[in-house]
Amino acid sequence: MTQTAERFVGQSVRRREDEALLTGRATWTDNITLLGTLHMAVLRSPVAHARISGIDTERARDLPGVVAVLTGEDLAAEFAIGLPCGWPVTEDIKVPDHPPLARGEVNHVGDGVAVVVATDARTARDALDLVEIDYDELPAVLDVEAALEPGAPLVHEELGTNHCYTWPLVVGDVDAAFEQADVVVEGRYLQQRLIPSAMEPRAVVVSPEPVGGGYTIYTSTQVPHFVRDLLAMICGISDSKLRVVAPDVGGGFGSKLNVYAEEALALALARRLGKPVKWIETRSENHIATTHGRGQVQRMSVAATREGKILGMRVNLLADMGAYLQLLTPGIAVFGAFTYCGLYDFGAYSFECQGVYTNLTPTDAYRGAGRSEAAYAHERIMDDLARALDKDPAEVRLRNLIEPFAEPRTVPSGVMYDSGDYETTMRRAMELVGYDDLRAEQRRRRESGGPVQLGIGIGNFTESGGLSPSKVAAGVRLQSGGWEAATVRMTISGKVEVVTGTSPHGQGHETVWSQIAADALGVHPDDVEVLHSDTAVAPFGRDTYGSRSLPVGGVAVHVAAGKVADKARTIATHLLEAAEDDLEFTGGRFSVSGTSGPGVTIQEVAMTASLAADLPEGMEPNLTADHHFDPPNFTWPFGTHICVTEVDTETGRARIARYVAVDDCGPIVNPVIVEGQLHGGIAQGVSQALFEEARFDEAGNPTAATLADYAVPSAADLPSFELDQTVTPSPTNPMGVKGIGESGAIGSSPAVVNAVIDAVSHLGVTHLDMPVTSQQVWRAITGARHTG
């Protein structure tokens, strides 16, 4: 046991999680094999839209090793409700029933139709081929714009429309701003569907407990507390009878911020059969049954003066819901409503989003959800505005940035950002990349007429991170509190235990939370144990998503540890017979200022608190404290990303020559973890810009059903990232922290696409949609040449 005066917050403490992950000693859900486990497989619809006219399961039932073959009708009584939507964004939103297995009709390729339970996984999968389904195919609607046309096929006939909701927001006199403008620029931008592609597909094991009638659910999820609460509702079981454990989780990126049909099915079957039930998703299933990200048509316009000062902005979105509403589906596009104004200051803003049903896999959260789409649109139109005015894109941005502010201020969308110093960050990025020199080099290349042209793209952004304030969540009809819980306690031996309601899946919470607690209590991080992702150990929690873990969960740990330190100080005052104001606490030791006595260590105080024989009158035993932190506002991290591309105009190939990112997430707890989060986020944003798209044929069949057809970049496809930070503390929490997990994915896509367009804009190419493939660039250049 050691006391230490060393400060760990701000240091790149090595991630304690990595050793098990790198040496094969992690525990994934698929590693959990319980005695008598049965294996589940799901038969999925091969068509996008059809009525089910018949199901014959007899041959499958007769296969040796098969325990049960069940349809949606067979299991209907097992579920109290269908899969719920937790974010009904308007009062009149149209929500179709979403049973865990389809009953009567399938609505997208991958919709579950029947389930097989067998003694081993191979037999369960083999039995799927023996189930015979008769489908009467129906017309499918695959495009959000076509879905709203009169006479379009209906995804859900009972709703009478493909329109899910309309969510509007108006701040200021938008019409007047556009009437006063010298120039109006309009843009139509597409957010293609993405497949989140976590390294570990989804998985669940449900075990009936032999005593008490409860169930333990092991699941690869970001949200064990949500899973507990919602499965209790779906299956009609008391939440006190459900224990949910998220073992090591191999990535999520928002796709595991959900409660899925397979989790409900496994629980219902474990209850029905009285044995553990296990389901492991295949990669092909992952492409059609796990939620997709993005999926929007964005129409945006800005009104500006001839000097480039923005006066007003209009945003109109069509958001693809897919066939059903998963947990947060309707709210993802709405969440971005408050950040389409970006870092820019102007007087009038309007936003309208329509949610639209299609016969495709449901969409939901994907890294940067809502905010990434917003940053892409506002940074694309900033470049379009600069071209319209024949001005440098950086000049137009700098002219419109909000002035530095240290306390919350209202922005054009009507919400309050917490703090920001945007110009400092942007100018730092321009300095690092050598912006003026790059523009000079670009001019030289254009004058020479060489085949390889240079492009510079800027991606400014802010995001509503620290997804938290419960009152704000209620205001936008999100059916969840935004608080986070932590317990910090010192054992009789002086070790520290931290219990957190967050649920990490790669973010490094064990390392970072130990740093926070160690600093507060004067111990070494190695003496801090962090417990998480088990609702029996951490019964209260709102889990991990939305860049909220540090600014909500980490702050809860910080405050709870501070409470423990305060109680220890009171006990030390009693033991040392000193006035509390005379007590010093350094290096894990309390001492009386101005004296040479040894004082007492915090470990000695912990033992005294546990033995409880010599405590101040009326004090409870033990050093332990809880804290539930519900911040007053989001945090708003921000940054400037600059991408430099070289485009071969003869082939259309774009190569990223340099990538500079300057981010501001407030004070940094662990720099190397911040860098890791940025690397991963930037890689995903670059991948959306250049590589990824979930495509479908005219019948709604996925044409990228495996990773052989769906382009995910390797390290060889990406450049080295040049990273730097500015530090603007947030006033919304006592640590001043803001969160960083999604920033890389938000700033990168617009920076890359803007850079590619910038490289060929002098050839007449002023618009490209993601993914910006070589073929698309070459066709755009060729088309521009043919039209003069």
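In this predicted model, V185 stands opposite V302 in β13. That pair belongs to the antiparallel pairing of β8 with strand β13 (residues 293-304), which extends over eleven bridges. The chain as a whole comprises 21 helices and 28 strands. Its radius of gyration is 28 Å, close to the 28 Å that the globule rule gives for 788 residues, so the chain is as compact as a globular protein of that length.

**Overall dimensions and packing**

- Taken along the principal axes, the box filled by the C-alpha atoms of the chain is roughly 90 × 75 × 50 Å.
- Of the 788 residues in the chain, 62% are buried.
- The chain exposes about 28,800 Å², and carbon and sulfur atoms supply 50% of that area.
- Among contacts between residues at least 6 apart in sequence, 81% join residues at least 24 apart.

**The five-stranded sheet**

- An open sheet is formed by five strands in the order β7-β15-β14-β13-β8, and its pairing is mixed.
- The edge strands are β7 (163-171) and β8 (183-194), each of which pairs on one side only.
- From one strand to the next, the twist averages 10°.
- For the edge strand β8, the partner is β13, and the two strands run in the antiparallel sense.
- In a regular strand, side chains alternate between the two faces of the sheet.

**Strand β9 and its partners**

- Strand β9 (residues 203-208) is largely enclosed by the rest of the structure, because five of its six residues are buried.
- Strand β9 is joined to strand β12 (residues 277-280) by four bridges, and the two run antiparallel.
- Within the pairing of β9 with β12, A203 stands opposite I280.
- Strand β9 is also joined to strand β10 (residues 215-219), here by five bridges and again in an antiparallel arrangement.
- Within the pairing of β9 with β10, V206 stands opposite I217.
- The hairpin of β9 and β10 has six residues between the strands, and G212 in this hairpin takes a positive phi near 100°.

**Backbone features in loops**

- The peptide bond from M770 to P771 is cis, with omega near -5°.
- P771 is located in the loop between α20 (743-760) and α21 (774-786).
- S547, a residue other than glycine, has a positive phi near 55°.
- S547 is placed in the loop between β21 (528-531) and α17 (549-576).
- With a relative accessible area of 9%, S547 falls under the 20% limit and therefore counts as buried.
- E577 likewise has a positive phi, of about 50°, although it is not a glycine.
- The loop that holds E577 runs between α17 and β22 (583-586).
- E577 counts as exposed because its relative accessibility is 76%, which is over the 50% limit.

**Cysteines**

- The count of disulfides is zero, the criterion being a pair of cysteine sulfur atoms within 2.5 Å.
- C341 is in no disulfide, and the nearest cysteine sulfur, that of C353, is 16 Å away.
- C341 has a relative accessibility of 0% and therefore counts as buried.
- C643 is also buried, with a relative accessible area of 0%.

**R446 and its surroundings**

- R446 lies in helix α14 (residues 435-448).
- R446 counts as partly exposed because its relative accessibility is 28%, which lies between the limits of 20% and 50%.
- Not counting residues up to four places away in sequence, R446 touches Q453, D758, S761 and H762.
- R446 and I740 are separated by 294 residues in sequence and, from C-alpha to C-alpha, by 38 Å in space.

Definitions and conventions. Residues numbered from 1 in each chain as written. Predicted model: local features only at pLDDT ≥ 70, side-chain atom pairs only at ≥ 80, totals over all residues. Heavy atoms only, no water. Buried < 20%, exposed > 50% of the residue type's maximum accessible area, 1.4 Å probe, protein only. Pairing = 2+ DSSP bridges. Axes fitted to C-alpha atoms, helices over the stretch in contact; angles between N-to-C directions. Rg over C-alpha atoms; globule rule 2.2 N^0.38 Å. Contact = heavy atoms within 4.5 Å. Areas by Shrake-Rupley, 256 points an atom, 1.4 Å probe, with all protein chains shown as cover.
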